[in-house]
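Q: Can we go through this model together? I'll keep the questions short.

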Amino acid sequence: MATYLEFIQQNEERDGVRFSWNVWPSSRLEATRMVVPLACLLTPLKERLDLPPVQYEPVLCSRPTCKAILNPLCQVDYRAKLWACNFCFQRNQFPPAYTGISEVNQPAELMPQFSTIEYMIQRGPQSPLVFLYVVDTCLEEEDLQALKESLQMSLSLLPPDALVGLITFGRMVQVHELSCEGISKSYVFRGTKDLTAKQIQDMLGLTKPAMPMQQARPAQPQEHPFVSSRFLQPVHKIDMNLTDLLGELQRDPWPVNQGKRPLRSTGVALSIAVGLLEGTFPNTGARIMLFTGGPPTQGPGMVVGDELKVPIRSWHDIEKDNARFMKKATKHYEMLANRTATNGHCIDIYACALDQTGLLEMKCCANLTGGYMVMGDSFNTSLFKQTFQRIFSKDFNGDFRMAFGATLEVKTSRELKIAGAIGPCVSLNVKGPCVSENELGVGGTSQWKICALDATSTLGIYFEVVNQHNAPIPQGGRGAIQFVTQYQHSSTQRRIRVTTIARNWADAQSQFKHIEAAFDQEAAAVLMARLGVFRAESEEGPDILRWLDRQLIRLCQKFGQYNKEDPTSFRLSDSFSLYPQFMFHLRRSPFLQVFNNSPDESSYYRHHFARQDLTQSLIMIQPILYSYSFHGPPEPVLLDSSSILADRILLMDTFFQIVIYLGETIAQWRKAGYQDMPEYENFKHLLQAPVDDAQEILQARFPMPRYINTEHGGSQARFLLSKVNPSQTHNNLYAWGQETGAPILTDDVSLQVFMDHLKKLAVSSAS
Amino acid sequence: MSQQGYVATPPYSQSQSGMGLSPPLYGHYGDPSHAGAPPGAMKPAGPMGAAPGGVLPPGPPPPGPQQFGQNGAHAQGRPPQRFPGPPPASSAPPSYAPYPPATQSSYPSPLPPASVSQLGRQLDTMHISYGSGMAPPGQGPPGSLSAPSGQGPPPPLQPSILQPGSQVLPPPPTTLNGLGAPPMPPPGPAPPNAQLQPPPLPGQTLGSGFPPQQGNYGPQMPGAQLAYPGGFPGGPAQMAGPPPPQRKLDPDAVPSPIQVIENDRATRGGQVYATSTRGQVPPLVTTDCVVQDQGNASPRYIRCTTYCFPCTADMAKQAQIPLAAVITPFATVPSNETPLYLVNHGEAGPVRCNRCKAYMCPFMQFIEGGRRFQCGFCSCVNEVPPFYFQHLDHVGRRLDHGERPELSLGSYEFVATLDYCRKNKPPNPPAFIFMIDVSYSNIKSGLVRLICEELKTVLERLPREEPEAPSAVRVGFVTYNKVLHFFNVKSNLAQPQMMVVTDVGEVFVPLLDGFLVNYHESQSVIHNLLDQIPEMFADSNENETVFAPVIQAGMEALKAADCPGKLLIFHSSLPTAEAPGKLRNRDDKKLINTDKEKILFQPQTSVYDSLARDCVAHGCCVTLFLFPSQYVDVASLGLVPQLTGGTLYKYNNFQMHLDSQQFLNDLRNDIEKKIGFDAIMRVRTSTGFRATDFFGGIVMNNTTDVEMAAVDCDKAVTVEFKHDDKLSEDSGALIQCAVLYTTIGGQRRLRIHNLALSCSAQLADLYKSCETDTLINFFAKSAFKAVLHQPLKLIREILVNQTSHMLACYRKNCASPSAASQLILPDSMKVLPVYMNSLLKSCVLLSRPDIPTDERAFQRQLVMTMGVGGWRGGAETPRALDSCVCRGPHRHVSVAQSHPVARAERPDRRPWPAGQRVRAPAWCRDHPPPPGGGSASLKPALTPRLPCTVL
C-alpha cells in the first residue's frame with residue numbers, strides 16, 4: 001500500500017489535491033455504495049517553488065460549453081498542430097504562437113510534471129490592493145491603545161502603493177477622510193440606520209466625480225482613476241497622517257451608563273465599509289478588516305441589547321428560540337457578505353473580548369468572502385498581535401501571502417458531475433453540463449468565487465459519478481477533472497492556475513480491492529467532517545451525529561471483513577483502519593458538539609475547519625499528542641487518558657490550542673526547583689524541549705493558537721482532559737489505581753466502547 | 001357683514017352686528033378736539049366752517065387749551081408745556097397732581113372752571129372730539145357727567161348720516177396712498193389746528209373720509225415749525241386760502257402723533273412714575289421717566305390697551321375696545337431703576353394660593369392676625385405656611401411688608417425649587433450654537449470670514465449672571481451647506497476635528513463631548529477653527545443648502561447635552577437641497593389681491609411648524625440672520641425663529657462694505673442681550689375675566705400655558721382678556737403674569753409681574769383710560785395673525801369697522817352732542833385713526849405686487865413678537881410698532897421703487913427734514929436702515945433693527 005500513500009502524497013504536493021477515492025468506481029450505483037462520496041480537498045494556491053513563470057495566456061478548448069484549458073492529458077497531433085480536448089473531445093487548432101510546437105519542443109502546459117501550472121496575465125488594469133480598517137472605539141483604554149499600535153505598525157507592513165482607509169465606530173460611525181491638512185475630518189453616520197449602498201455613496205460624495213468639498217489635489221485623478229476617493233489613499237502618501245490620526249483616536253465619547261453595554265454600531269459600520277468599497281473599487285482586491293471588542297448593540301445587525309442584565313444569547317437560548325436578534329442580525333450580515341462577495345472584497349473579523357462578540361451572526365461575512373476570523377480575549381495579547389502581523393507576512397518571493405477575487409472553475413469529464421463545494425466560497429451560479437442536480441455543500445454551479453485566499457485555503461469539492469452501470473467504461477479509462485483558478489495575485493497581477501488531474505476508473509465488482517486500497521481515509525475523514533459541519537450550520541446536532549454514525553456503520557459494513565453477528569471477527573483493512581477513530585474524535589469535537597462552547601466559539605471553530613488544509617483539519621479533528629520523557633526522544637502517543645503519566649510531559653496541539661502538560665512527578669520536580677540545579681540540567685532540557693517545539697508550531701500557524709502551559713492538577717489542564725479519549729474514568733474500575741494514566745471524570749463513551757458498539761452494529765444483519 | 005372674526009376676540013366678533021350702523025360716525029370729521037384746545041395761537045382756520053355745527057369758535061380762551069390738555073389722557077401733551085411762551089401753560093402743570101380715587105379716575109385735575117366752560121361749548125367745538133368729551137365725566141362734576149349723556153341726541157342722527165361713511169370705509173386702504181401721505185400735518189406756522197374739512201360728502205370723498213385727519217397740534221408749536229424748516233409751503237397756502245375744503249382733507253387737521261408724543265414727553269418726561277395706584281395710565285413709551293415699583297408692575301413690563309376695564313361683558317361688547325395686555329416680561333430697565341429683587345424661600349418654594357396657584361403678591365390679603373391670607377384672584381382663604389408667618393400691624397398689613405418684595409412690589413423673582421425643573425433636575429446652563437452657512441455665495445461675499453472674525457470678539461462677551469465672572473454659557477459650532485459639519489473643539493485637542501453629517505434626511509448629533517465647550521477653556525482650539533473655516537471652504541462651489549436639518553441638528557445637540565440654548569444661524573438662500581424642509585420658489589405675485597394671498601404668509605410645509613414645537617419643547621431658541629439676494633421664503637424660514645422666541649434679522653443683498661457694521665451690531669446685541677430660556681408663562685386674573693388669546697413668539701399646547709423656548713428683553717406676549725362674569729369697581733381687575741424660566745447662568749426662577757386695573761361701569765372711564773400705543777400694537781398683531789387665514793381685504797375692513805365702531809360708541813355714549821359730520825375722538829385715542837391708517841398701509845396689509853413677498857412676511861413676523869415700545873433704556877425710545885405702522889404711507893412708495901435695487905436710498909428720510917429728525921420720535925433716528933437698505937443710519941450702532949425699515 002505504500003505505493004498508494006506515496007501516490008497520494010506526491011499528488012498532493014504537486015497539485016494540492018487529495019481525493020477520498022483515488023480509483024474511481026465506474027458507475028453511479030457503485031459509487032453510492034461506497035458510502036464516502038467521491039470528493040477532493042483542493043488547495044488552489046498551494047505554495048509551490050517550482051512552478052515556471054508562464055507569461056502568456058492559456059489555450060482554451062474552442063467549444064463554447066467546454067473551454068477547458070490545454071493540459072498534459074490532452075492528445076496532441078504535433079504535425080497537424082491540433083489538440084483534442086480531454087473533456088469534450090473537441091479537436092482544436094493551436095493558436096499561431098504555437099507553430100513551433102513539436103514532441104521535443106513542448107510548451108510547459110503539456111509537460112506531465114506541470115499538471116498544475118500558473119499563467120500570469122499581463123493585460124487588464126492593475127488596481128492596487130485596498131485595506132479598509134473598521135475599528136471599534138468602544139474598547140477599554142488599554143485594549144484600544146494596543147489596537148492602535150498594532151494598526152500603526154501594520155502601516156509599515158502594507159505595500160506602499162496599497163490604498164488604506166479608516167472607519168471607526170461606536171455609537172456613531174465615522175468615515176475618516178485622509179489627507180486633510182490642519183483639521184481632521186470625518187463623515188459621521190448614525191449607528192442605528194441602515195443605508196443602501198447608493199445612499200452611502202451619495203452621502204460620502206462618491207457619486208460625483210468631483211466633490212466640491214474635496215481638497216484640491218490636481219492631476220491626481222487623471223493619474224489614477226481610482227484614487228479619487230478621499231477615504232482611501234495610498235499608504236506611502238498618508239502614512240504620517242494616518243499614524244497621527246490613529247494615535248489621536250479616542251474611546252467612544254458617548255457616556256455609557258451603569259449596567260449598560262456601550263452602543264456599538266458594528267452592523268452599520270460594516271455596511272458603510274462595504275458600500276464605500278462597492279462604490280469605489282468594485283472587483284479589485286480589497287480587505288475590510290473589522291476590529292471589534294464586543295457585540296453589536298444597536299442598529300441593524302445588533303446581537304444583544306445594551307442592557308447588561310440581559311446576557312448575550314447562548315446555545316441554550318438558540319435552542320429555545322430565545323435569541324431575539326439572531327435571525328435579523330444574521331440576515332443583515334449575510335446580505336452584507338453577499339454584496340461583498342459580489343464585489344470581490346473580503347471581510348476579516350478580529351474579535352477580541354472576554355465575552356461573545358456576535359461571531360455567530362457575523363460569521364458569514366468571513367465565511368463567504370474568504371476573510372479571516374480571529375478570536376481572542378484582548379487586543380493586548382500576543383495572540384492578536386502576532387496573528388495580525390502574520391497576515392502581512394510574505395512568501396519567498398517577497399509577495400504577500402494573500403490573493404483576491406478568485407474564481408474557481410471545475411471541469412469534469414463526462415462520467416462525472418459536480419455536486420458542490422464546501423469552503424470559503426460563494427456560488428457563481430454557473431450551470432453547465434457538468435453540474436449535478438444533487439447538491440453537497442454549495443452546489444448547483446461549476447464556478448465559485450473565493451474573494452480572498454491564501455496558500456492554505458482549501459475547498460472540499462464533491463462529485464457524483466453519473467456513468468450508468470450498464471455503460472461500462474473501457475478498461476484503463478481515466479476520468480479527468482480540471483480546476484481553473486483565476487485570481488488577483490498580491491502583486492496585483494492577475495493569474496490563472498490550472499490543475500488537471502486524472503484517475504483510473506475501476507469496476508467495483510471486479511476491482512474492489514483496488515478501490516479499497518486507493519481509499520484516502522484522511523481525506524475522507526476531513527471531507528465527511530466538512531459535510532457534517534456544513535450540515536451542522538443548519539441542522540440540529542444530534543441529527544448530524546446520527547447521520548455520521550450511520551455513514552460510518554455503512555462503511556464498515558461495506559469494507560469490513562467479518563462474520564455476520566460476530567463482532568469479534570470484525571476487521572478493517574489498513575486503508576480504513578484509522579477512519580473510525582477519526583469519526584470518534586470528530587463526534588467529540590467542538591465542530592459538532594456545542595456543549596461547553598458559546599455560539600461564537602462554535603462559529604469560530606467551524607470557520608477555520610472549513611478552510612484549512614488536510615493536515616490542519618486532521619489536527620482539529622484528532623489533536624496530536626506528544627510525550628516527552630527521560631526514556632527517549634519525544635514520541636507521539638495515543639490521544640488517550642492512558643497517556644497521561646506522572647513522569648511525562650505532554651504536548652498537545654489541537655490547532656486552536658497548544659497545551660503543555662507536566663505530569664504529576666515532573667510538576668513536583670519543577671516545583672522543587674531541580675531544573676535550576678546544575679546537576680539536573682537534563683531535567684531543565686526536558687522541560688525546555690516541549691516549549692521549544694510549541695514555539696515552532698506557534699510561529700508557523702495562522703491564526704496563532706492559544707498557548708497553555710499547565711501541569712497536573714492545574715485548572716487549565718481541562719483543555720487536555722477534555723480532548724483525550726476517556727479510556728479510564730471513574731466508572732471503569734479496572735483501571736482505577738493502576739499506573740496506567742489518569743482517569744477522566746466524564747460520562748462520555750471511550751473509544752473502546754465506541755468501537756465495540758460499532759463492530760456490533762456493523763456485523764449485525766439487522767441494520 | 002362678512003367680516004367675521006379673523007380675530008377670536010369678542011370685540012371683533014361682537015362688532016359685526018353693530019358695525020353696520022356704527023361706521024357712519026366716520027363720515028364726519030369732528031375737528032379734532034384739540035382743535036379747540038390749541039392755545040390762543042391757533043386760530044381756527046376757516047375750514048371749520050365746513051362742519052355743520054362745528055365751527056370752532058376762533059377764540060377759545062387761552063385757558064381752554066389748558067384744560068383741554070388736562071382733560072385728555074395723561075399721555076397727551078399739554079400744549080402749555082410745549083409752548084414755553086404762553087404763561088398759562090406754566091400754571092397748568094401743577095394741576096397735575098393725581099386725584100385721589102374719588103371717582104375712579106386718577107386724572108389730573110383740570111381746571112374745573114375751564115371744563116365747565118368747555119362743556120358749554122361742546123356742541124360746536126372740536127374739544128369734544130378729543131379728550132374734552134371725556135373730561136367732564138371723568139372729572140366728576142355731576143353736571144358734567146350729565147352733559148355727555150345729554151348728548152344723546154346725536155346718536156339718532158348718526159345712523160343716517162353714517163351710512164354713507166360706512167360704505168366708504170372699505171376702500172380706504174387703496175386710497176390711502178394718495179391720501180394719508182403725510183401723517184404729520186405739514187405745519188404751517190400759521191394754521192392752527194386743523195380743522196377738518198368739512199365732511200361734505202363723506203361718502204364720496206374717500207380719502208377725506210378717513211380718520212387720519214384730526215386736528216393736531218403739531219403745527220402750532222414753534223418747535224414743530226422748526227422741525228420743518230422747509231415747511232410745506234402748501235400748507236400755509238391751503239390754510240390761507242379759503243379752503244377748497246370740500247373734498248380735501250386739511251393735513252393740518254390731522255392729529256399728529258409726534259405732537260402727542262412730544263406733549264407727553266413734555267408733561268411727564270423725566271418724572272418719577274410710581275405704580276402705586278390702580279388703573280392709572282402710564283406715560284407713553286416714548287416718554288422717558290423713572291418708574292418706581294409701588295405694587296404694580298412697571299409699564300415697561302406690562303402695558304394694557306385700557307387701564308379701566310368695563311364692568312360687564314355687555315359694556316365691553318358695546319365699546320368694542322379690545323381688552324388686552326402686552327407683556328414684555330424681560331424688558332430692560334434703565335440703570336436708574338431698581339432691578340428685580342430675588343426672593344428665595346429655600347426648599348419650601350414660593351407661597352401660592354392653594355386653589356388658583358397664584359403666587360404671593362401684594363394682592364393677597366392677610367387675615368386672622370396673619371395666620372391666613374385671602375387670594376386676591378380667586379378669593380380662596382389659605383393657611384400661611386409656618387415659615388412665612390408674620391404678625392399684622394394695625395392696618396392689617398404684615399409687619400414685614402416692606403421687607404418682602406413679594407408683598408410690596410409689582411415685579412420680583414422667586415428662586416424656583418426642583419419641582420419647577422424639568423425632570424426635577426436642576427437645569428444646565430444654556431448653550432449657544434453658531435451655525436454658519438458656508439455655501440458658495442456666503443464664502444464669496446466674505447460673509448463667512450466676517451462672521452468667523454467677529455465671533456472671536458463676540459465670544460468674549462457672552463452673557464453672564466452678575467456674580468459669576470466667567471460666563472456659564474457653552475458654545476458649539478456647525479457649518480453647513482447641503483451637509484452639516486460639526487466641530488469638535490475640546491480643549492485638549494491640538495486641532496479641531498470636523499465631523500460631517502450627510503444624512504440630512506434624519507439628522508443627528510455626531511458627538512457630545514467636545515461639541516459644546518466652555519469658550520475660555522477651548523479658546524485656542526476655537527480660534528484655530530474660526531481661522532480655518534473660511535479657508536476650508538474657500539474652494540467650495542456648493543450652492544444648495546438645507547435648513548430644517550440645521551435647526552434639527554442644533555436642537556438635537558441641545559437635547560443631547562440636556563440644556564436649553566440658542567441657535568444662531570447665518571443663512572442666505574432658499575434651502576433647495578433634498579432634505580426635510582426643502583423649499584421651492586413659490587413667490588407668486590398673481591396671488592396678490594386674491595383670497596389666496598394668505599398663502600404667501602403661510603409656511604410652505606408643515607415641517608417647520610412641528611420643528612418649532614419640538615424646539616420649544618426642548619428649550620431651543622433659534623435666531624436667524626438672513627442674507628438673501630433673492631426670494632428665500634421668509635414665511636417658511638422665519639417660522640421657527642418666530643415661534644421659538646428668536647429674532648429674525650434680514651439683510652437684503654448683503655454687501656460687506658455697506659452692511660457689515662449693521663450686521664455686527666445686531667449680532668453683538670443679540671448675543672449680549674438679556675434672555676431667559678425654557679420659559680413657561682401663565683397669566684392669572686381675578687375672577688370675572690380671563691386670558692383667552694395669546695400672540696407672540698410662543699407655542700401653546702393647552703389653553704393656559706404659554707411655552708417659550710426663550711424670551712428676551714425685546715420679546716412681548718400679547719394677551720387678550722374676555723369677561724366671564726361681572727367685574728366689580730371695588731376690587732378692580734387683577735393680573736398676575738408668572739414666567740418660569742432658566743437664567744443664563746442655569747438657575748431656575750420665577751418672574752412675577754402683577755398689575756391691578758380699575759373697573760368701571762361708565763364707558764367714559766373706559767375711553768379715558770385707553771392707551772393708543774398698546775391698542776395699535778394689539779390691532780396690528782391680531783390683524784397680522786389673521787393674515788394667515790383671512791383675505792386681506794376682509795381684514796382691512798374689519799380694522800376699519802372696529803375703529804369706527806369704537807369711535808362711534810364713544811360719540812354716542814360719552815361725547816357731547818355735536819354735528820353729525822364731526823368726527824369726535826376721545827383724547828386717549830386721538831391718534832388712533834392715524835395709526836390705524838398707517839397700519840392699513842403697512843406693507844403686510846397692503847396688497848401691492850411691488851412689495852417683495854419676503855419683506856411682507858418679514859415684517860409680519862417681526863411685529864408679532866414686538867413690545868409696545870421697546871424701551872431700550874435710552875432717552876429716545878423707538879416706538880417700534882408705531883413707527884412701523886406710521887410710516888407706511890411714505891415708505892411703501894419709496895420702497896417700491898428702491899427695493900431691492902436702490903439700497904442706498906433711505907426712503908424714510910425724505911419726508912423728514914434733518915432738523916425734524918433730531919427732535920422727532922426716536923423711530924426716525926433709531927431706526928437702522930432698511931434691511932436691504934444702506935447703512936446710512938444716523939445712529940447705526942447698538943440699536944436693534946426695527947421693522948419700520950422696510951416701510
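A: Domain bounds here come from an automatic or database domain assignment. On that basis chain B is divided into domain 1 (349–408) and domain 2 (431–563 + 572–673).

Q: What separates the centres of domain 1 and domain 2 of chain B?
A: The separation is 47 Å, with the centres taken over C-alpha atoms.

Q: Any ground rules before we go on?
A: This is a predicted model, where local features need pLDDT of at least 70, side-chain atom pairs count only at pLDDT 80 or more, and totals for chains, interfaces and linings use all residues. Residues are numbered from 1 along each chain as its sequence is written, chains are lettered from A and ligands numbered from 1 in the order in which they are written, and side-chain values use heavy atoms, with hydrogens and water left out.

Q: What is the mean pLDDT of chain A?
A: The mean is 89, and 95% of the residues of chain A reach 70 or more; pLDDT is the predictor's confidence in each residue, from 0 to 100. Over residues 209–227 of chain A the pLDDT is below 50, and this stretch has 33 contacts in the model beyond near neighbours in sequence. Contact means heavy atoms within 4.5 Å.

Q: Switching to sheets. What is the strand order in the open sheet of four strands in chain A?
A: The order is 1-3-20-17, with antiparallel pairing. Strands (E, at least two residues) and helices (H or I, at least four) are DSSP runs numbered from the N terminus, and two strands pair if DSSP finds at least two bridges between them.

Q: Why is one side of strand 1 and of strand 17 left without a neighbour in that sheet?
A: Strand 1 (17–19) and strand 17 (416–422) of chain A stand at the edges, so each has a single partner strand.

Q: How many bridges join strand 1 to strand 3 in chain A?
A: Three, and strand 3 covers residues 39–42. A:F19 stands opposite A:C40 there.

Q: Now strand 27 of chain A: buried or exposed?
A: Strand 27 (residues 649–653) is mostly covered, with five of its five residues buried, meaning under 20% relative accessible area (exposed is over 50%, partly exposed in between; 1.4 Å probe, protein chains only). A:I649, A:L651 and A:D653 point one way, A:L650 and A:M652 the other.

Q: Which strands pair with strand 27?
A: Strand 25 (residues 624–629) of chain A pairs with strand 27 in the antiparallel sense over five bridges, and A:L625 has A:M652 as its bridge partner. Strand 28 (residues 657–662) of chain A also pairs antiparallel with strand 27 over five bridges; there, A:Y661 is the bridge partner of A:L650.
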